[in-house]
Amino acid sequence: MTPPATRSGTGAPAELFFEDLVPGLTVDLGTVTVDGDEMLAFARRFDPQWYHVDPQLAEASRHGGVIASGFYTVSLFMRAYVDHLLSRAAADASPGLEELRWLAPVRAGDRLAVRVDVMGARPSSARPGLGTVILTGTMLRLGPDNRPEQEVLRTRFRGWFALRPVETNPDATPAEGDSPAEVGPPEGGPPETSSSESGPAGTGPSESRPAESGPPEAETPATPSEAVGPGADKRA
């Protein structure tokens, strides 16, 4: 019997699962161009500091013109993540961010290349049937020759993704000594806790990069992640 279809972050049937998000995987999330009108509208609504909204004051300052709110920039990242990864992956929610850095000013007309790297992955003990994936997201400004000039944003976060469903035969009789499969944290790993927050999650293919490892940390259940943009997926 085939289990019900698992949904992606945008509600479509998922094609990428926890098992596909292996450490070392890089997912290309495409390129975004900063729209000046949208950038100003966001700042006026959510971050109306003068260097984000006042062209004259910003021009006369060390900024040399209006710069984007950092929260607008991370929103562009989130949209690319949804469009190119979460729209295809069995994303559930996120325990939250561990790092968010704005490394250089972003301006109207900038072209930003976006990607995520899978740094670690392990089954979740707080949420049975899900795995925790640790991801690093980056945005790099591109020059006229389409080559990266400068990193403008870096973020590190965790996402929950569903394990790939297993087809079962209801008429099959288990052989003697067989027992149901269990999914859990690596033996000896610390228990995870539960609470509620929301955050990102996702997938797609590209180049492989070295994986980072670190001690498991407690997780906090979150609300479902929001949808964001298109991308490629790299599997063996």
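Is Asp110 buried or exposed? The points below take up this residue and then the wider structure.

1. Asp110. This is a predicted model, and in it Asp110 is buried, with a relative accessible area of 13%. The cut-off for a buried residue is under 20%. Asp110 belongs to the loop between strand S2 (96-102) and S3. Its side chain reaches the backbone nitrogen of Arg107 at 2.9 Å. When residues up to four places away in sequence are not counted, Asp110 touches Val32, Thr33, Val34, Pro105 and Arg141.

2. Overall arrangement. The protein has four helices and seven strands. Read from the N terminus, the order of these elements is β-α-α-α-α-β-β-β-β-β-β. Of the 236 residues in the protein, 44% are buried. Among contacts with a separation of 6 or more, 82% are between residues 24 or more positions apart.

3. Helix H4. This helix covers residues 70-86. At 1.5 Å a residue, its 17 residues should span 24 Å, and the end C-alpha atoms are 22 Å apart, which agrees. Of the 17 residues of H4, 13 are buried, so the helix is largely enclosed by the rest of the structure.

4. The largest nonpolar core. This core has 40 residues. The residues with the most contacts inside it are Leu29, Phe77, Tyr81, Val116, Leu135, Met139 and Phe161. Two or more residues each come from strand S1 (26-33), H1, H4, strand S3 (111-123), strand S4 (130-142) and strand S5 (148-162). H4 gives the most to this core, with ten residues.

5. Leu135 and the second core. What does Leu135 contact beyond its neighbours within four places in sequence? Its partners are Tyr81, Val116, Asp117, Val118, Met119, Thr155, Arg156, Phe157, Gly159 and Phe161. A second core, separate from the largest one, has seven residues and includes Phe17, Leu130, Trp160 and Ala162.

6. Aromatic pairs. The structure holds seven aromatic pairs. In one of them, Phe42 and Tyr72 are tilted, at 5.5 Å centre to centre and with 55° between the planes. Phe42 lies in helix H1 (residues 36-46) and Tyr72 in helix H4, so this pair ties together parts that are 30 residues apart in sequence. Both Phe42 and Tyr72 are buried. The rings of Trp50 and Tyr51 have centres 5.2 Å apart and planes at 80°; this pair is therefore edge-to-face, as the cut-off for that class is over 60 degrees. Trp50 is partly exposed, with a relative accessible area of 38%. Ring pairs also link Phe42, Phe46 and Tyr72 into a cluster.

7. A charge over a ring. Where does the charged end of Arg127 sit? The charged end of this residue is placed over the ring of Trp160, 4.8 Å from the ring centre. Trp160 is also one of the residues of the second core.

8. Asn146. Most residues other than glycine have a negative phi. Asn146, however, has a positive phi, near 75°. This residue is found in the loop between S4 and S5. Asn146 is partly exposed, with a relative accessible area of 46%, whereas Asp110, in the loop between S2 and S3, is buried.

Technical notes:
Residues numbered from 1 in each chain as written. Predicted model: local features only at pLDDT ≥ 70, side-chain atom pairs only at ≥ 80, totals over all residues. Heavy atoms only, no water. Phe/Tyr/Trp six-rings, centres within 6.5 Å; stacked < 30°, edge-to-face > 60°. Buried < 20%, exposed > 50% of the residue type's maximum accessible area, 1.4 Å probe, protein only. Lys NZ or Arg CZ within 6 Å of the ring centre and 35° of its normal. Expected span 1.5 Å × (residues − 1). Core = buried A, V, L, I, M, F, W, Y, C linked by side-chain atoms within 4.5 Å. Contact = heavy atoms within 4.5 Å. Polar contact = N/O pair within 3.5 Å; in protein donor to acceptor, adjacent residues only side chain to side chain.
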